[in-house]
Amino acid sequence: MLYLFLVCLLIVSVYAGVILVYTFGWFKKSIPTVCHEALPTPFVTVVVALRNESAHLPALMQSLQQQTYPNFEVLLVNDHSDDDSEAVFALFSDNRFTWINSDGMGKKAALRQGINQAKSDLILTTDADVVLPSTWMVSMINAYQRTAAQLLIGPVTMCTGTIFQRIDYFSLEGVTHGSAQMGCPVLCSGANLVFSKDWYNRCLPYLQPDVPSGDDMFLLEASKRLKGKVVSVNSLDATVQIKGCQTWRQFLSQRTRWASKSPRYTDVGICCVGILVALTQLICMFSLLLGAFYPLLFLVFLLKFVIDALLIARVACHHKQFKYMLYYPIVALCYPFYVILVLISTLFPHKWKERTL
């Protein structure tokens with residue numbers, strides 16, 4: 001039993017070291033998005049792939065219309081919606097917005113069509129179910145110009161949802177920005193990215209079109225493979241707000257969809273971190289189940305508990321939402337079981353927006 005404990009402790013210690021590195025990344029100075037000197041305002045194309053988002057479109061459209069950036073177009077690419085999304089779009093009379101019906105199937109095909117039809121070489125992507133600050137576009141373009149990045153990863157946070165979902169998303173935010181700040185990005189979200197059309201086309205052979213989702217992560221992998229400069233910003237002026245899932249079934253389905261593409265990852269760093277996280281969660285689950293018989297196993301869980309708290313608390317403070325840390329102990333106890341449940345769910349067919357994946 002001592003040998004098993006030492007092996008578990010070693011794995012979780014490696015995990016703790018990685019999370020500490022990401023936490024340190026949050027204390028490094030990030031690229032500022034507010035620029036006091038005058039910068040060029042090149043024409044920009046915002047591409048949004050959507051399917052059955054009629055309930056969310058008004059908030060998205062209004063936040064895009066309120067952007068302080070003066071020079072842009074918005075392409076909304078419809079991935080075969082069967083609700084009244086197009087009718088909702090028609091209520092907004094703005095010649096900067098264009099509705100496109102996708103020729104292909106799936107979000108990735110819709111994005112590709114939107115990018116190909118963009119009038120600008122400079123592309124921003126976001127999702128249909130988000131709310132954008134009025135400074136979003138100018139902040140992201142300023143940061144992109146000042147960093148000369150091939151791929152700029154913007155901040156995404158959760159504005160509604162259960163406490164469990166919010167703390168879970170704090171951890172994703174922490175890993176996304178912290179890893180990129182340390183020069184080893186392992187996560188990004190298509191809800192807030194900037195890149196050029198030329199760079200996207202260079203990455204296109206590696207975006208795995210046969211996988212229906214994963215447009216963001218495969219673009220990150222391709223950018224790293226091609227030795228592109230990947231930069232992350234975490235300014236509140238550039239932060240996209242997403243809504244949490246309304247039910248636990250929707251939440252688990254979403255996370256299962258995210259996890260199901262992981263076997264197709266090819267980047268060594270991303271794969272190693274994913275395996276390390278899965279092993280750590282599995283060890284912590286058994287530590288909680290068997291700790292009453294082998295108390296030493298509780299030390300393994302306690303190590304992960306403390307290390308995760310440091311990163312999550314840093315992100316919560318950044319958003320001035322430290323109050324959610326009061327619930328962290330309960331979430332931490334449930335979290336290993338949730339992760340293992342999601343991993344098991346990926347072994348079975350699952351649906352997203354009425355499609356089997």
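**Exercise 1. The nonpolar patch**

Which residues make the nonpolar surface patch of about 850 Å²? Then place Met1 and Leu4 in the chain and classify their exposure.

*Solution.* The model is a predicted one.

Step 1. List the members. The patch is made by Met1, Leu4, Leu282, Phe286, Leu289, Leu290, Phe293, Tyr294 and Phe337.

Step 2. Find the main contributor. Helix H10 (residues 268-290) supplies the largest share, four residues.

Step 3. Place the two N-terminal members. Met1 sits in the segment before helix H1 (2-27). Leu4 is in helix H1.

Step 4. Classify them. Partly exposed covers the range between 20% and 50% relative accessible area. Met1 has 43% relative accessibility, so Met1 counts as partly exposed. Leu4 has 44%, so Leu4 is partly exposed too.

Step 5. Look for a partner far along the chain. Leu4 and Leu297 are 293 residues apart in sequence, yet their C-alpha atoms are 9.4 Å apart in space.

**Exercise 2. The seven-stranded sheet**

Give the strand order of the open sheet of seven strands, and name its edge strands.

*Solution.*

Step 1. Read the order. The strands run E3-E2-E1-E4-E8-E6-E9, with mixed pairing.

Step 2. Find the edges. Strand E3 (97-101) and strand E9 (230-232) each pair on one side only.

Step 3. Check the twist. Neighbouring strands of this sheet are turned by 20° against each other on average, direction ignored.

Step 4. Add the helices. Helix H5 (residues 136-147) packs on the sheet and touches E1, E2, strand E4 (122-127), strand E6 (151-153), strand E8 (193-196) and E9. The direction of H5 makes about 135° with that of E4. Helix H8 (residues 215-225) also packs on the sheet, touching E6, E8 and E9. The direction of H8 makes about 130° with that of E6.

Step 5. Take one parallel pair. Strand E1 (residues 44-50) runs parallel to strand E2 (residues 72-78), and seven bridges join them. For one register point, use Thr45: its bridge partner in E2 is Glu73.

**Exercise 3. Strand E8 and its neighbours**

In which sense does E8 pair with E4 and with E6? Which way do its side chains point?

*Solution.*

Step 1. Take E4. E4 and E8 pair in the antiparallel sense over four bridges. Leu122 has Ser196 as its bridge partner in E8.

Step 2. Take E6. E6 and E8 are antiparallel as well, over three bridges. Here Leu151 is matched with Phe195 in E8.

Step 3. Recall the rule. In a regular strand, side chains alternate between the two faces of the sheet.

Step 4. Apply the rule. Leu193 and Phe195 point one way from E8, and Val194 and Ser196 point the other way. All four are buried.

**Exercise 4. The three-stranded sheet**

What is the strand order of the open sheet of three strands, and which helix lies across E7 and E10?

*Solution.*

Step 1. The order is E5-E10-E7, with mixed pairing.

Step 2. The edge strands are strand E5 (130-131) and strand E7 (156-160).

Step 3. E7 and strand E10 (residues 240-243) run parallel and are joined by four bridges. Thr157 stands opposite Gln241 in E10.

Step 4. Helix H6 (residues 163-181) lies across E7 and E10. H6 runs at about 170° to E7.

**Exercise 5. Salt bridges**

How many salt bridges does the structure hold? Work through three of them.

*Solution.*

Step 1. The structure holds eight salt bridges.

Step 2. Asp94 pairs with Arg96, with the closest N and O atoms 2.8 Å apart. Asp94 is buried at 15% relative accessibility. Arg96 is partly exposed at 26%.

Step 3. Asp127 pairs with Lys107, the closest N and O atoms being 3.1 Å apart. Asp127 lies in strand E4 and Lys107 in helix H4, so the pair ties together parts that are 20 residues apart in sequence. Asp127 is buried, with 17% relative accessible area. Lys107 is partly exposed, with 28%.

Step 4. Asp216 pairs with Lys261 at 3.8 Å between the closest N and O atoms. Asp216 is in helix H8, and Lys261 is in the loop between helix H9 (248-260) and H10, so this pair ties together parts that are 45 residues apart in sequence. Both Asp216 and Lys261 are buried.

Step 5. Look for a network. Salt bridges that share partners join Lys107, Asp127 and Asp215 into one network.

Conventions:
Residues are numbered from 1 along each chain as its sequence is written. This is a predicted model: local features need pLDDT of at least 70, side-chain atom pairs count only at pLDDT 80 or more; totals for chains, interfaces and linings use all residues. Side-chain values use heavy atoms; hydrogens and water are left out. Two strands pair if DSSP finds at least two bridges between them. Helices (H or I, at least four residues) and strands (E, at least two) are DSSP runs, numbered from the N terminus. Axes are lines fitted to C-alpha atoms, for helices over the stretch in contact, and angles run from 0 to 180 degrees between N-to-C directions. Contact means heavy atoms within 4.5 Å. Patches are made of residues with over 30% relative accessible area and no salt bridge: like charges are joined within 9 Å, nonpolar side chains (Val, Leu, Ile, Met, Phe, Trp, Tyr) within 5 Å. Accessible areas come from the Shrake-Rupley method with a 1.4 Å probe; for residues, only the protein chains shown count as cover. A salt bridge is a side-chain nitrogen of Lys or Arg within 4 Å of a carboxyl oxygen of Asp or Glu. Buried means under 20% relative accessible area, exposed over 50%, partly exposed in between (1.4 Å probe, protein chains only).
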